[in-house]
Amino acid sequence: MDFLLPRAICRLKPANPPRILPRGLPKQGRCIASAATATQQPVPFDEAPPVPLRTPPHPHPLPQAHPAIHNRPLKDTRPFSDFLTDSFSRQHDYLRISITERCNLRCTYCMPEEGVPLSPASHLLTTPEISYLSALFVSQGVTKIRLTGGEPTIRRDIVPLMHEIGSLRSKGLKELCITTNGIALHRKLDSMAEAGLTGVNLSLDTLDPFQFQIMTRRQGFSAVIRSVDRILEMNRLGAGIRLKLNCVVMRGINEREIIPFVEMGQEKDVEVRFIEYMPFDGNKWAKGKMLSYKEMLGMIREKYPGLEKVRDEMNDTSKTFRVPGFKGRIGFITSMTHNFCGSCNRLRITSDGNLKVCLFGNAEVSLRDLLRKGNNGQPIDEDAMEAIKQVEMDRRQALPGDAQPLGYGERERELLELIGMAVKRKKEKHAGIGELENMKNRPMILIGG
Ligand code: SAM
Ligand code: SF4
């Protein structure tokens with residue numbers, strides 16, 4: 001059936017293939033700012049148009065890292081970038097970027113039926129801005145970037161954007177992941193794999209098409225299953241895309257699906273992660289609707305007493321288990337009952353360009369405003385990004401040789417100082433049940449989960 005497979009997959013060897021790299025990586029010292037223009041446009045349900053497979057490398061200089069940090073693998077890098085290290089010595093090498101506020105579903109636990117008020121397009125980060133910030137964070141030791149939203153697959157230029165971020169592998173990026181509801185994913189998977197996609201977290205809260213419609217207030221179950229099957233098929237051919245299913249469990253709604261999800265792993269090599277229902281603005285959270293990890297574990301153990309713990313990876317937010325003999329695994333994300341703040345290595349950038357150091361904290365700083373200072377506060381498209389960088393290069397070259405700075409340009413320095421300040425203010429741990437539900441926070445869709 002090879003003739004049906006996408007080009008990216010046909011080229012792969014069956015076992016332990018190298019990660020799929022975009023051809024024509026930018027040369028060292030060059031930036032990945034975008035070929036595609038920028039601002040978010042309304043996208044009708046499941047109708048984002050096809051996108052070109054590749055974008056050519058772009059001749060922008062990369063934000064310069066300190067020579068001691070630049071281009072060295074994170075775990076070898078001591079000391080880790082001070083800008084990304086907080087006052088509890090946590091090193092943040094994982095960046096989650098929300099690339100849209102829009103979504104083609106209306107999951108009840110995530111947002112109200114009528115949706116959420118959206119930011120004006122000019123407030124959202126453009127593709128060159130996202131690429132620029134990605135490069136800046138990678139220059140500081142970020143090794144994993146996840147694109148999320150809203151629903152990231154409905155951003156028209158997601159594939160070119162992924163190509164640009166994917167090209168940061170040559171600068172130390174190791175993982176490029178996406179969190180998606182899977183509705184539109186199957187149509188873009190092959191080009192995403194070609195861009196360097198290494199992991200997909202796919203949200204699926206039920207295996208029943210009718211229940212799907214109740215929980216998401218939309219149709220689309222079969223499209224999601226198509227995406228799951230497609231990833232598994234690609235993986236059988238060696239694509240090596242790490243697949244996890246995210247399942248938010250709500251009492252009285254879908255807890256009876258826990259066992260069928262566990263049993264999915266009998267034949268399929270997937271990890272299903274049961275997520276404790278969390279409170280966000282507008283999602284009508286109530287303690288009684290939340291199933292704790294212990295309760296879910298108890299339900300599974302009743303049917304599968306042999307369930308065994310699997311060693312979790314460093315910085316894992318999930319507690320992982322397996323039923324002996326099953327191909328798949330299960331995990332629990334226990335944000336409500338057992339926080340994992342001690343090993344938190346995550347930073348988030350919202351679609352409107354705010355850096356958020358904690359999912360549950362409402363402290364945010366605007367990277368967008370600082371970045372746009374050099375463009376009279378206006379969104380930076382590709383041409384503007386090039387012009388800004390040229391001004392910076394000219395300014396540097398005009399300085400006498402011994403006065404030329406070795407490290408960052410002025411804008412990078414300012415951004416890094418702002419990032420460093422926000423990271424240093426990160427709290428030791430977030431609030432727990434009893435406090436969280438009373439705190440002001442964005443709706444989940446505007447944070448990027
Ligand atoms: N639209 C994409 C998706 O659904 O995967 C990405 C954005 S979504 C906000 C990211 C993740 O947050 C999803 O896995 C979703 O299940 C999870 N999520 C949203 N609201 C939640 C809540 N109240 N409690 C727990 N997880 C939630
Ligand atoms: Fe959309 Fe994801 Fe929120 Fe569901 S969880 S409404 S798919 S953003």
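How many of the 13 residues of helix 2 are buried? In this predicted model, 13 of the 13 residues of helix 2 are buried, so this helix is largely enclosed by the rest of the structure.

**Helix 2**

Helix 2 covers residues 127–139, and its length can be checked by a short piece of reasoning: the expected span is 1.5 Å times one less than the number of residues, so the 13 residues of this helix should span 18 Å, and the C-alpha atoms at its ends are indeed 18 Å apart, which agrees. After helix 2 comes G141, a residue whose phi is positive, near 115°.

**The surroundings of ligand 1**

Around ligand 1 there are 20 residues, and of these Y109, G150, S203, M278 and N283 come nearest. Sorted by class, the shell is made up of eight nonpolar, ten polar and two charged residues. Three side chains place an N or O atom at the following distances from an atom of the ligand, as the table shows.

| Side chain | Atom of ligand 1 | Distance |
|---|---|---|
| E151 | nitrogen | 3.0 Å |
| N246 | oxygen | 3.1 Å |
| N283 | nitrogen | 3.0 Å |

N283 therefore appears twice in this account, because a polar contact is a pair of N or O atoms within 3.5 Å, and its side chain has such an atom 3.0 Å from a nitrogen of ligand 1, while N283 is also listed among the residues that come nearest to the ligand. On its own, ligand 1 has 550 Å² of accessible area, and the protein covers 96% of that area. The elements that contribute two or more residues to the shell are strand 5 (175–180), strand 7 (242–249) and strand 8 (271–276).

**Two further buried residues**

I300 lies in helix 8, which runs over residues 293–303. Buried means under 20% relative accessible area, and I300 counts as buried because its relative accessible area is 0%. Leaving aside residues up to four places away in sequence, I300 touches I258, I259, V262, F274, L307, I330 and F332. One of these partners, I258, is 42 residues from I300 in sequence, although the two are 7.5 Å apart in space, C-alpha to C-alpha.

R368 is found in helix 9, residues 367–372. With a relative accessibility of 14%, R368 also counts as buried, and, again not counting residues up to four places away in sequence, R368 touches H123, L125, D352 and G353.

Key: Residues are numbered from 1 along each chain as its sequence is written. Chains are lettered from A and ligands numbered from 1 in the order in which they are written. This is a predicted model: local features need pLDDT of at least 70, side-chain atom pairs count only at pLDDT 80 or more; totals for chains, interfaces and linings use all residues. Side-chain values use heavy atoms; hydrogens and water are left out. A residue is near a molecule or strand if one of its heavy atoms lies within 4 Å of it. A polar contact is a pair of N or O atoms within 3.5 Å; within protein, one must be able to donate a hydrogen and the other to accept it, and residues adjacent in sequence count only if both atoms are side-chain atoms. Accessible areas come from the Shrake-Rupley method with a 1.4 Å probe; for residues, only the protein chains shown count as cover. Helices (H or I, at least four residues) and strands (E, at least two) are DSSP runs, numbered from the N terminus. Ala, Val, Leu, Ile, Met, Phe, Trp, Tyr, Cys and Pro count as nonpolar, Asp, Glu, Lys and Arg as charged, and the others, Gly among them, as polar. Buried means under 20% relative accessible area, exposed over 50%, partly exposed in between (1.4 Å probe, protein chains only). Contact means heavy atoms within 4.5 Å.
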